[in-house]
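Let's take a walk through this protein together, one piece at a time. Keep the picture open while you read.

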Amino acid sequence: MLNRIFALIIKEFLAVWRDKKSRFVLIVPPIIQLFIFAFAATLDVKNVPIGILNRDNGRQGFELAQRFHGSPVFNKIIYLQSVDEIGPFIDNMRGVMVVSLDEQFSRNLEAQQPAQVQLILDGRKSNTTQIVAGYASSIIQTFNDDFAALSGFPQQNTILVIRNWFNPNLLYYWYNIPSLSGILTMLVALLVTALSVARERELGTFDQLLVSPATPFEILVGKTVPAVVISMLEGSLIIFVGVFIFQIPFTGSLFLLYCSMFVFVLAIVGVGLFISSLSQTQQQAVLGSFLFMSPSVLLSGFATPIENMPAWLQPVTYLIPLRYYLVVAKGIFLKDMPGDIVFNNIWPTAIIALCTLTAASWLFKRRLQ
Amino acid sequence: MSDPLIVIHEITKLFTPSSPPALDNISAAISKGKIIGIAGPDGAGKTTLIRLMASLLLPTKGRITIAGYDTVKDAAQISRLIGYMPQKFGLYEDLSVIQNLTLYADLQGVTGKVRQEMFDKLLTFTDLKKFQQRLAGALSGGMKQKLGLACALIRKPTLLLLDEPSVGVDPISRRELWKMVQSLLEESITVIWSTAYLDEAERTDSVILLDEGKLLFFGPPQDLTQRVKGKTFQIQNISGNRRPILKQALQKEEVIDGVIQGKDIRIVTRKVLEPGDLYHPLVENSHLDSARQSQIEASRSERGSPSQIGKGDEEDQFGKAAASRNRNFQLEDGIHLPAHQPLQLNPVSPRFEDAFIDMLGGGPGGVSALAEKTPVLPKKSEPIIQAEHLTKKFGDFTAARDITFTVPSGEIFGLLGPNGAGKSTTFKMLCGLLTPTSGKAFVNSLDLQTAGSEARSHIGYMAQKFSLYGNLSVRQNLDFFSGIYNLKGHHKRNMIEEMVETFALTPYLGVNADALPLGFKQRLALSCSVMHRPQVLFLDEPTSGVDPVTRREFWNHINGLVEKGVTVMVTTHFMDEAEYCDRIALIYQSQVIKIGTPDELKQGSVSSDHPKPTLEDAFIHLIKQFGEVPNATG
Amino acid sequence: MLQDSPISIGRARRLKALIIKEFYQIIRDPSSIMISIVLPLVLLFLYGFGVSLDLDHLRVALVLEDTSPDAQSFAKSMTDSHYFDVKIGRDRREFTQDILKGAVRGMVVVPSYFTAFRNRQDIIAPIQVITDGSEPNTANFVQNYVTGAWQNWLRQEAISQDLTGLPLVTTESRFWYNEELESRNFLVPGSLAIIMTLIGTLLTSLVVAREWERGTMEAIMATPVTIVELLIGKLVPYFILGMGSMTLCVITARLLYDTPFRGSWLLLEFVSACFLTTALGLGLLISIVTKNQFAAAQAAMVAAFLPAYILSGFLFEIGSMPLPIQLLTYIVAAKYFVTSLQTLFLVGDIWSLIIVNVIPMLLIGLIFFILSSRLSVKRLD
């Protein structure tokens, strides 16, 4: 039996590598995804154009406006002339925020009266603008403190000391790329397995396999092992690129990461085999994989945190293998995650893997007819 | 003679600059009002030529004109002149019969009263009137074919192009289609009919014979057949095993081709043999391999007096016939058969296929290197294959019903029937690919359902179109198949080497299976299926679409293997191939309608119109007897 | 033999026949229904519920090493805020595991010496805010929200204690068009672009490629039909299907999520039609070039779906991307559509913006169609 499994495994490796379609799937998506995730898919806020309406003619107004120029977040500052211009400015998306100072600003401040700054923000991009509002507020706060200090006012003597653990500069790609190791691995594992049975059906070799002494179990193992190896290789590639090219710190245990990846891949391979047993053609297999992948990625906590989701949806995420892997990947890269927490994320994945692999082999045997 | 309708002038077509040409310098002039055949094996260029005529492809060199219009420049006019039926019939499976017809009528600009009349006429012509609302996908093969033809005829074309219209359909439908097409000639429609069946080519008025893109012949088929006039004979009156005799015959230098026909052997000789020639040259050059030699020595000593040689003797029996106007074989000195068992050699009329083989330089010799190396399998007393009341249902549809038969060891058993009749289903149940809904299948006395893996280790399987791993090289394929059939280590390496040597695969070891020429693909597929020395070989339409020479080579190997004791089950819809079988089960509409040797089946259909029925005649006769109306689907 | 009808009459009839045929096929083909109706609804559902960038109930831990009234009132300002889900403890080590696990996103520590320092004028009393930097976006929000809560607390302290150290400069933020700051309100309109891409590009490219593979294309091409008729006959039904699906999704979004819609239906349909045409053009081009379903599916994913997802500005800010990629987004039609959609839904009919976005869309579409017609001939090779 081992002999046969071995022959099947070698054949599968060769078939995947030598088939143009499979090769495409193994090479192009990783490159594209790496590129995109490293650079494009970011919720960072940079290069934001804003407008300033400074109806104040005094020094304080000028000084405050200068502070905005100094900030690295705002790359383009357009001066508006009147309140009427605010509407079209925001509507036509020429800037995401308008900082509006009224005529009384400097006068009020110098008379030690409260002065107000109005921030008008474009709610169409509420995520960005909330962060922008935060930046603007802290600029104004700093200005306020400086002014108070200069004018000799007593101030509150408390401050907030903010420290970002694990990622002091909040570099987005320190988060993206470890997550990518999971997403990409999932994509490859899914596609390789989903295509495998469908390809044999299309080529006509599937019957040949079934007629041989190989049992369905052996055939499945023969497809699972190469898929696991290949996807783990891809995952490793990303880890390598992340650590050595992007200089992302790697603080935890590589062994634990691989354990987690292994179980994760098993779960995904089960899904892929399930899809493959359902598909008649390779194209159906690709669509099926896509159908599984989109919700998986969306609900895994990658794009948005799980606690943001409605309460009734959150339990569903416990069924998604990627969710657990992402926690581990981030943890091991950036947080030196200890073994017990890693294990807490592995055992649910293992159960999912058991279920998917069992379901896949059941369906596979049924579909042999 | 009026101007020709179609002028094909030095047509060459290359699909990519580096590949060999699909068509190489073809020229022909075709006149109106006839059925022209385009014949040749798969890959010969038939479809390419038809597509060029339909303006669907651009020639690389040369041009074609139809009724004076050039296919490149006047494509629009040509589309008004032709009716075209591509290989997959060109039907929309999701639309009903009438919707398909309406679509084509709209596209061809046939409207109003004329359309109504045309529809009426076509539906009657094709006998599809009561199936108008049925989805095209739910029609049987024969019905789809007729619908495809109807769609091509909607706007009565000047030229009708049919691309392999009769592939895989039942013989009755095939004949009806032919009759329908012939009646079109009366309406002065010219028909081009491409086919891989050489017997169909023979019935056309004029044939373009292609092989690997080259034009081998153009003209009335009789002209080509003349080539082999006087060179075709049948060896008759063979009792017992005819395969060794075939092998013997093929080994003679003067014989360029031989096939089994029922209990007789048909041969084509290199030169015309005049009456009065003795066949001493044929006889003296016989080569017997040493195994045979010793067998004959042994039986000779056993036999003693010639009169003890009986009819049941499985060994070769050669005889010296009474001198008469018949030609006889005389083998080695020393063996004589009693005078009452003469082999007879009778001239028969030549066939188109014979001429084709002659043009290609003749078929292969009779010795199969593969079979030579195969050890003799012991003969078993129990039947090797047993089908007991096999039934398979897919939902409501019964694909196979109560199929029962047995196959003893060392026999070639054929499942014959059109596509969709249930022969693939039966076949798959017997080799373990499908689970029967009820009934049992046994191979080597092992139940395929319970002892699956073990039973299958005795089976060798060759699928239609040779399912090899196209992306893997020859060596990788051999490695894989031997591994999966439980060969390991030394033994595995030796077997692979043996196959490489036997089939001369050395120059192709690193080539991807996809890229092999068709003949080598077949060899590779065969070697992959026999490396584990199986007891039984299952062959699923093994030679559909191949050229006759490759087919003969294949059957050489099979015959040789059978002589060594291998049992073979083969499915086919190609009647000629069925002649190689020892016994045939005719399958039609999910049931076995008759089992017998090819000759028994033919004998059963003798009638005044058909004193000498072919297997196809026999099949049609039996179907009609069976009583079901051919047009109804399951 | 029939007289040849003039081309123009034949054309209308042929087109009609092809379109009807296509509709029959759509109805009878399960995968078309899947991609055009089921998948969009699933995606709509996912984007509406699954994806949310709004952080409400941010899980943070609050360590009160100092339990003085000051600290307590600060704690109250945090627990009162609906932005936080606060876990209170005495020792920061209680929560280290939580941060590692991701159970809390941030930890605010009021050190034991807080009140003491505060009462002395010459030392600054710090409150530590520790964020989980492994999720930068969330970390940003933790910072912002804690800062906001802290400032509020300071102000209230100042008022209640009548301190003159009142922050003089106050900030008032007004978010136009999405006052509730629900990210769903901009994600859902944006997701419509993705849905249209699916139907317009993916479905079309598959369907045309399938016709090549099945051999029916061949038979049709041998009739007098012209290549333009063939293509239009394919596109029109999918156009109608796409518009229908789009309308269905918009209605669903309104009903299910109560997404505001402040523009006019007519303009929405117009802009959608423009985008759909462009998407169809791309789908057509892909199917002509690839001629087989597998390659068409891959190409549609890479050339249409991914850009719509990543480069259209629907989820990820284009401004934050490196310059070369920003330039790339100019040829992504989805970007213009997303902007138009977000504006139409949340703002209204801003003609100037819409025109500026529709023109590039149509231009891109035009290029696709020109390329398609160049590349497609009534030939099989």
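In what order do the 5 strands of the open sheet with mixed pairing run? Before we get to that, remember that this is a predicted model. The order is β5(A)-β4(C)-β3(C)-β1(C)-β2(C), which draws on chain A as well as chain C.

**A sheet with strands from A and C**

At the edges you'll find β5 (158-165) of chain A and β2 (84-89) of chain C, each pairing on one side only. Going from one strand to the next, the twist averages 20°. Zoom in on where the chains meet: β5(A) and β4 (residues 125-132) of chain C run parallel and are joined by 8 bridges. Look for A:I162 there, which stands opposite C:V129 in β4(C).

Helices pack on this sheet too. Helix α4 (residues 93-101) of chain C touches β5 of chain A along with β1 (58-64), β2, β3 (106-110) and β4 of chain C, and its direction makes about 160° with that of β1(C). Helix α6 (residues 136-161) of chain C also packs on the sheet, and it touches β5 of chain A plus β1, β2, β3 and β4 of chain C. The direction of α6(C) makes about 155° with that of β4(C).

**A sheet in chain B**

Now hop over to chain B, where 4 strands form an open antiparallel sheet in the order β16-β15-β18-β19. Here the edge strands are β16 (397-407) and β19 (446-447), each pairing on one side only. Strand β15 (residues 385-394) of chain B pairs with β16(B) over 7 bridges, in the antiparallel sense. One spot to find is B:F394, which stands opposite B:F397 in β16(B). Helix α14 (residues 423-430) of chain B packs on this sheet, touching β15, β16 and β18 (438-443); its direction makes about 120° with that of β15(B).

**Two helices crossing in chain A**

How do α1 (residues 2-18) and α9 (residues 216-245) of chain A cross, and at what angle? Their axes come within 8 Å and cross at roughly 50°, and the two helices are therefore oblique to each other. The crossing is right-handed. On the α1(A) side, residues including A:I5, A:L8 and A:F13 take part, and they meet a set in α9(A) that includes A:V221, A:V225 and A:I230.

**Where parts touch**

Chain A is assigned domain 1 (15-42 + 170-367) and domain 2 (48-151), with C-alpha centres 47 Å apart. Chain B is divided into domain 1 (6-222) and domain 2 (232-288 + 316-367). In chain B, 8 residues of domain 1 are in contact with 6 residues of domain 2. On the domain 1 side, α7 (198-202) gives the largest share, 3 residues.

Chains A and B also touch: 24 residues come from chain B and 22 residues from chain A. On the chain B side, α15 (452-456), β20 (459-462) and α16 (474-484) each supply at least two residues, and α16(B) has the largest share with 4 residues.

Here is how three of these contacts divide by residue class.

| Contact | Nonpolar | Polar | Charged |
|---|---|---|---|
| Side of chain B that touches chain A | 11 residues | 10 residues | 3 residues |
| α1(A) with α9(A) | 10 residues | 1 residue | 4 residues |
| Side of domain 1 of chain B that touches domain 2 of chain B | 6 residues | no residues | 2 residues |

Definitions and conventions
Residues numbered from 1 in each chain as written. Chains lettered and ligands numbered in written order. Predicted model: local features only at pLDDT ≥ 70, side-chain atom pairs only at ≥ 80, totals over all residues. Contact = placed C-beta atoms within 7 Å. Nonpolar A, V, L, I, M, F, W, Y, C, P; charged D, E, K, R; others polar. Pairing = 2+ DSSP bridges. Axes fitted to C-alpha atoms, helices over the stretch in contact; angles between N-to-C directions. Parallel < 35°, antiparallel > 145°, perpendicular 65-115°, else oblique. Left-handed = near helix turned anticlockwise from the far one by under 90°. Domains from an automatic or database assignment.
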